[in-house]
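Visitor: I have the sequence and the model open. Can you walk me through a few places in it?

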Amino acid sequence: MAHVLIIGAGGVGGVVAHKCAQAVKSGRVFDNITLASRTLSRCEAVAQSVTARTGVSLATARVDADNVAELCGLIRTVKPHIVCNVALPYQDLHIMDACLECGVHYVDTANYEPPDTAKFEYSRQWAYADRFREVGLTALLGSGFDPGVTNVFAAWVMRHKLDEVRVLDIIDCNAGDHGLTFATNFNPEINIREVTARGRYWEHGEWVETDPLAFSMEFDFPEGIGRKKCFLLYHEELESLVTNLNGLQRARFWMTFSENYLNHLNVLGNVGMTGITPVPFQGREIIPVQFLAALLPVPASLGSRTKGKTCIGNLMRGVKDGQKKTVYIYNACDHEACFAEVGSQAVSYTTGVPAMIGTKLIAEGLWAKPGVWNMEQFDPDPFMADLAEYGLPWQCVDVE
Ligand SMILES: NC(=O)c1ccc[n+]([C@@H]2O[C@H](COP(=O)([O-])OP(=O)(O)OC[C@H]3O[C@@H](n4cnc5c(N)ncnc54)[C@H](OP(=O)(O)O)[C@@H]3O)[C@@H](O)[C@H]2O)c1
């Protein structure tokens with residue numbers, strides 16, 4: 001049995017805590033859970049909800065995950081087998097350093113990003129591979145939905161449905177409505193940095209850059225969602241998938257946004273509120289997007305008001321038994337059902353469930369392999385079985 005230390009008690013951290021507790025209750029894998037974050041009261045609120053829903057008690061702690069010495073102090077006191085990092089991407093390297101120093105496995109859901117540059121790439125985390133390998137520890141990168149499940153979907157399709165893949169389109173739809181004028185469904189600062197960045201996709205062996213949200217397409221989503229406009233973004237799983245999937249000629253990532261969301265974002269961008277460069281304000285410096293984030297609702301508060309579904313999946317075109325074949329593999333998730341189960345909206349839920357599953361598979365030894373890995377580098381079958389069992393059932397259909 002394993003002791004898991006969850007770092008980050010926001011929207012995603014709340015779901016990871018509930019899901020780990022469900023595993024504890026069914027006598028599986030974990031016997032102890034500690035939830036630590038910067039604001040102790042948020043950990044305590046999650047712990048209360050977990051106990052009320054599952055009867056399982058969690059320990060809570062305060063930690064600044066930007067401080068490696070403080071993290072090591074916590075890890076040496078708590079003595080976990082594995083750390084599940086669902087704080088912000090800025091903390092990834094500090095938490096990896098602490099895991100190496102204290103000898104514990106590591107899982108995250110988002111690629112490291114330096115606070116002063118809105119750019120993510122895996123090189124900084126892949127550079128830890130030798131150190132993790134030498135001490136026999138596993139670091140699993142991007143165990144959320146996208147990245148995360150989308151990488152595992154790709155590996156599963158390559159094992160069971162296609163012999164070769166030519167084209168990959170990852171398509172992320174949030175058809176939910178929280179009824180607020182403007183809010184982001186995961187951390188506002190990270191969300192706005194991602195959406196306002198330049199687009200990028202992979203074609204014929206090289207990256208092609210685009211202006212932010214310059215390309216769009218319509219896609220007809222299943223489960224009653226229907227046709228929606230999707231915009232091309234750069235997303236981190238493209239980097240590992242074009243490295244690990246042989247034969248890809250084109251790989252792109254798409255996301256739906258409402259007209260209302262885009263209008264607000266445009267206006268905020270036009271007046272400089274989405275910027276990440278410090279500006280002087282009343283005798284001190286502030287970063288506009290951080291000030292904006294402080295005004296917006298925290299993602300964990302959206303659960304009670306969000307209705308509708310998310311639908312995230314991969315459209316993959318390739319060859320099977322010498323014939324051209326296209327498959328669409330996806331999960332659809334209902335915001336209100338997530339709220340009823342764990343008190344969160346579906347974007348936090350679809351990230352927190354795979355974060356728990358990646359952590360569980362390492363703790364069980366099925367995905368324990370010294371080094372630093374992306375999700376598609378492991379056997380997809382146990383992960384896909386756990387997805388269905390822990391609340392994210394999936395479908396794979398042939399497309400004409
Ligand atoms: N792969 C995917 O599919 C996917 C999808 C959505 C989100 N994500 C990732 O999931 C992570 C969490 O997102 P979220 O929506 O849960 O964000 P959130 O609601 O803003 O929660 C972030 C949590 O991290 C804590 N935190 C921030 N800085 C910290 C520090 N220095 N030390 C300790 N704790 C710190 C925050 O503490 P305070 O309460 O004190 O602010 C908060 O509890 C993000 O990295 C996001 O990019 C991944």
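Visitor: Where does Q282 sit?
Guide: This is a predicted model. Follow the chain past strand β13, residues 279-281. Strand β14 starts afterwards and spans 284-286. Q282 belongs to the loop between β13 and β14.

Visitor: Is Q282 buried or exposed?
Guide: Count the C-beta neighbours inside 10 Å of Q282: there are 5. A residue with 12 or fewer counts as exposed. So Q282 is exposed.

Visitor: What is the phi of Q282?
Guide: Most residues other than glycine have a negative phi. Q282 is not a glycine, yet its phi is positive. The value is about 45°.

Visitor: And V29, what phi does that residue have?
Guide: V29 lies in the loop between α1 and β2, the strand of residues 30-37. V29 is not a glycine either, and its phi is again positive. The value is about 65°.

Visitor: Why does V29 count as partly exposed?
Guide: The class between buried and exposed needs a count under 20 but over 12. V29 has other C-beta atoms within 10 Å, and their number decides the class. That number is 18.

Visitor: Which residue does D146 join through a cis peptide bond?
Guide: Most peptide bonds are trans. This one is cis, with omega about 10°. The partner lies in the loop between β6 (138-141) and α7. The partner of D146 is P147.

Visitor: Which helix holds A154, and is A154 buried or exposed?
Guide: A154 is in helix α7, residues 149-160. A count of 20 or more C-beta atoms within 10 Å makes a residue buried. A154 has 27 such neighbours, so the class is buried.

Visitor: Which residues does A154 touch beyond four places in sequence?
Guide: First, one distance: I170 is 16 residues away in sequence, and its C-alpha is 9.5 Å from that of A154. Now the contacts, with residues up to four places away left out. They are L168, L241, L245, N314, M316 and E376.

Visitor: What is the handedness of the crossing between α1 and α2?
Guide: Helix α1 covers residues 11-25 and helix α2 covers residues 40-54. Their axes come within 10 Å and cross at roughly 35°. The crossing is right-handed.

Visitor: Which residues of α2 make that contact?
Guide: The α1 side brings G13, G14, A17, H18, A21, Q22 and K25. Across both helices, the contact has four nonpolar, five polar and two charged residues. The α2 side brings V46, V50, R53 and T54.

Visitor: How far apart are the centres of the two domains?
Guide: Domain 1 is made of 2-144 + 349-388. Domain 2 is 149-344. Taken over C-alpha atoms, their centres are separated by 22 Å.

Visitor: Which elements give two or more residues to the side of domain 1 that touches domain 2?
Guide: The contact takes 26 residues from domain 1 and 29 residues from domain 2. By class, the domain 1 side has 13 nonpolar, 10 polar and three charged residues. The elements asked for are α1, α13 and α14.

Visitor: Which residues are closest to the ligand?
Guide: The ligand has 35 residues around it. They divide into 17 nonpolar, 13 polar and five charged. Domain 1 and domain 2 each supply at least three. The closest are G10, V12, R38, A65 and G144.

Visitor: Which helices each supply at least two residues of the shell around the ligand?
Guide: One of them spans 346-363. The other is residues 11-25. They are α13 and α1.

Visitor: Which residues does L387 touch beyond four places in sequence?
Guide: L387 is in helix α14. L387 is buried, because 23 other C-beta atoms lie within 10 Å. Its contacts are V149, I357, L392 and W394.

Visitor: Which residues are in contact with K325, leaving aside neighbours within four places?
Guide: K325 lies in strand β16, residues 323-334. With 19 C-beta neighbours inside 10 Å, K325 is partly exposed. The contacts are L162, G318, V319, K320 and D398.

Technical notes:
Residues numbered from 1 in each chain as written. Predicted model: local features only at pLDDT ≥ 70, side-chain atom pairs only at ≥ 80, totals over all residues. Helix = DSSP H or I, 4+ residues; strand = E, 2+ residues; numbered from the N terminus. Contact = placed C-beta atoms within 7 Å. Axes fitted to C-alpha atoms, helices over the stretch in contact; angles between N-to-C directions. Left-handed = near helix turned anticlockwise from the far one by under 90°. Nonpolar A, V, L, I, M, F, W, Y, C, P; charged D, E, K, R; others polar. Near = placed C-beta within 6 Å. Domains from an automatic or database assignment.
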